[in-house]
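Take a look at the sequence and the 3D structure shown here. This short report covers a helix, some aromatic rings and the cysteines.

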Amino acid sequence: MATDFKTIPIIDISSLLARCEDPNMAQDPGVCEVVKQLDQACREAGFFYVKGHGIPDSLIKEVRNVAHKFFNLPYEEKLKIKLSADAGYRGYQRIGENITKGTPDMHEAIDCYREIKSGMYGALGKPMEGINQWPLNPPNVKLVMEEYIRLCTDLSRNIMRGIALALGGSIDEFEGERAGDPFWVLRIIGYPEVSSANGKDLSKNDIGCGAHTDYGLLTLVNQDADITALQVRNLSGEWISAPPIPGTFVCNIGDMLKIFSNGLYDSTLHRVINNSPKYRVCVAYFYETNYDAAVEPLDICKQKTGGIGKFGKAVYGEHLVSKVQTNFV
């Protein structure tokens with residue numbers, strides 16, 4: 001459960017990544033230090049920065065660059081890939097179309113999901129069947145984003161190996177039926193700048209994204225380098241800023257990891273408020289369980305928390321569909 005943290009820790013995970021294919025990695029002193037830091041961060045804040053992650057800075061910047069180019073297009077052009085239920089909830093949504101707890105969010109976005117073919121998960125997968133709607137302009141969006149997704153998936157899997165060790169499990173605790181075939185979500189998000197019309201007098205409708213927790217296991221946040229807008233709530237209800245730090249991702253844990261850990265790790269509330277006079281882009285990658293995974297507290301975590309499961313079983317795909325179908329106008 002989150003504490004009264006005032007800052008978000010920075011963890012160098014290079015030692016973990018260097019040994020993540022080693023079956024004896026848990027005995028390595030460098031890995032043990034990373035695992036210790038991951039455990040502390042997940043217990044105390046549910047948020048942390050990672051550096052030494054190995055994804056090229058040039059690609060991280062290019063991802064944001066092509067996003068800016070897309071959001072600079074006229075609405076008519078952006079609406080060519082408009083999000084709809086028929087498209088499996090993939091595509092572009094206008095400012096205010098995403099809803100958080102009943103309030104329109106002041107952002108626009110492209111929503112992408114791991115593609116689901118017809119019948120892949122039966123009725124469970126039906127609402128999410130479809131292929132991603134990549135814009136034709138700028139012309140390299142699809143190529144850049146698919147390479148980025150591939151690298152983020154590999155990185156997230158390796159961070160989850162460290163988290164598995166932090167919980168006292170084996171390195172492959174989140175493989176197999178749990179997350180051996182992980183679903184993923186990518187949200188390419190644009191937050192309008194503050195105009196002189198509203199200045200510092202922010203109303204609730206000026207919140208870029210309302211307070212929420214994420215659905216899955218782990219989120220990697222790639223945000224514009226010169227704008228602080230992401231805020232994380234601590235136990236006392238204070239909003240702690242998560243400013244961009246060069247060479248890092250902001251990471252946070254989601255609802256499914258909260259269940260797996262039996263509450264040892266909490267999915268922390270966070271929100272976005274862009275007070276900047278500049279348009280802000282954020283690309284959030286969400287690493288999830290298998291789409292059809294039945295998620296329940298791990299035995300090792302129940303043993304650490306009195307022997308009783310605090311959460312019932314949740315099927316990830318059901319959880320996702322329930323969120324998606326109530327999240328848009």
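## A helix inside the structure

A residue counts as buried when its relative accessible area is under 20%. The model discussed here is predicted.

How many of the 26 residues of α5 are buried? The count is 20, so α5 is largely enclosed by the rest of the structure. Helix α5 covers residues 141–166. At 1.5 Å a residue, its 26 residues should span 38 Å. The C-alpha atoms at its ends are 36 Å apart, which agrees. Just after α5 comes Gly168, with a positive phi of about 95°.

## Aromatic pairs

A pair of aromatic rings is described by two things: the distance of the centres and the angle of the planes. The structure holds 10 such pairs. Take Phe70 and Phe71. Their ring centres are 5.5 Å apart and their planes meet at 70°. Planes over 60 degrees apart count as edge-to-face, so this pair is edge-to-face. Both Phe70 and Phe71 are buried.

Now take Tyr113 and Phe183. Here the centres are 6.3 Å apart and the planes are at 25°. Planes under 30 degrees apart count as stacked, so this pair is stacked. The pair links distant parts of the chain. Tyr113 lies in strand β6 (residues 108–113), and Phe183 lies in strand β7 (residues 182–191). The two residues are 70 residues apart. Tyr113 is buried, and Phe183 is buried too.

## A cluster and two charges

Which residues form one aromatic cluster with Phe70 and Phe71? They are Tyr75, Tyr92 and Tyr279.

Tyr75 also has charged company. The charged end of Lys78 sits over the Tyr75 ring, 4.7 Å from its centre. The charged end of Arg94 sits over the ring of Tyr75 as well, 4.9 Å from its centre.

## Cysteines without partners

How many disulfides does a search of the whole structure find? It finds 0. Cys42 shows the situation: its nearest cysteine sulfur belongs to Cys251 and is 9.2 Å away. A disulfide needs two cysteine sulfur atoms within 2.5 Å. Cys42 is therefore in no disulfide. At 2% relative accessibility, Cys42 counts as buried.

Cys282 is another example. The closest cysteine sulfur, in Cys209, is 9.3 Å from the sulfur of Cys282, so it is too far for a bond. Is Cys282 buried or exposed? Cys282 is buried, with a relative accessible area of 6%.

Definitions and conventions:
Residues are numbered from 1 along each chain as its sequence is written. This is a predicted model: local features need pLDDT of at least 70, side-chain atom pairs count only at pLDDT 80 or more; totals for chains, interfaces and linings use all residues. Side-chain values use heavy atoms; hydrogens and water are left out. Rings of Phe, Tyr and Trp (its six-membered ring) pair if their centres lie within 6.5 Å; planes under 30 degrees apart count as stacked, over 60 as edge-to-face and the rest as tilted. Buried means under 20% relative accessible area, exposed over 50%, partly exposed in between (1.4 Å probe, protein chains only). Helices (H or I, at least four residues) and strands (E, at least two) are DSSP runs, numbered from the N terminus. A charge sits over a ring if NZ of Lys or CZ of Arg is within 6 Å of the ring centre and within 35 degrees of the ring normal. The expected span of a helix is 1.5 Å times one less than its number of residues.
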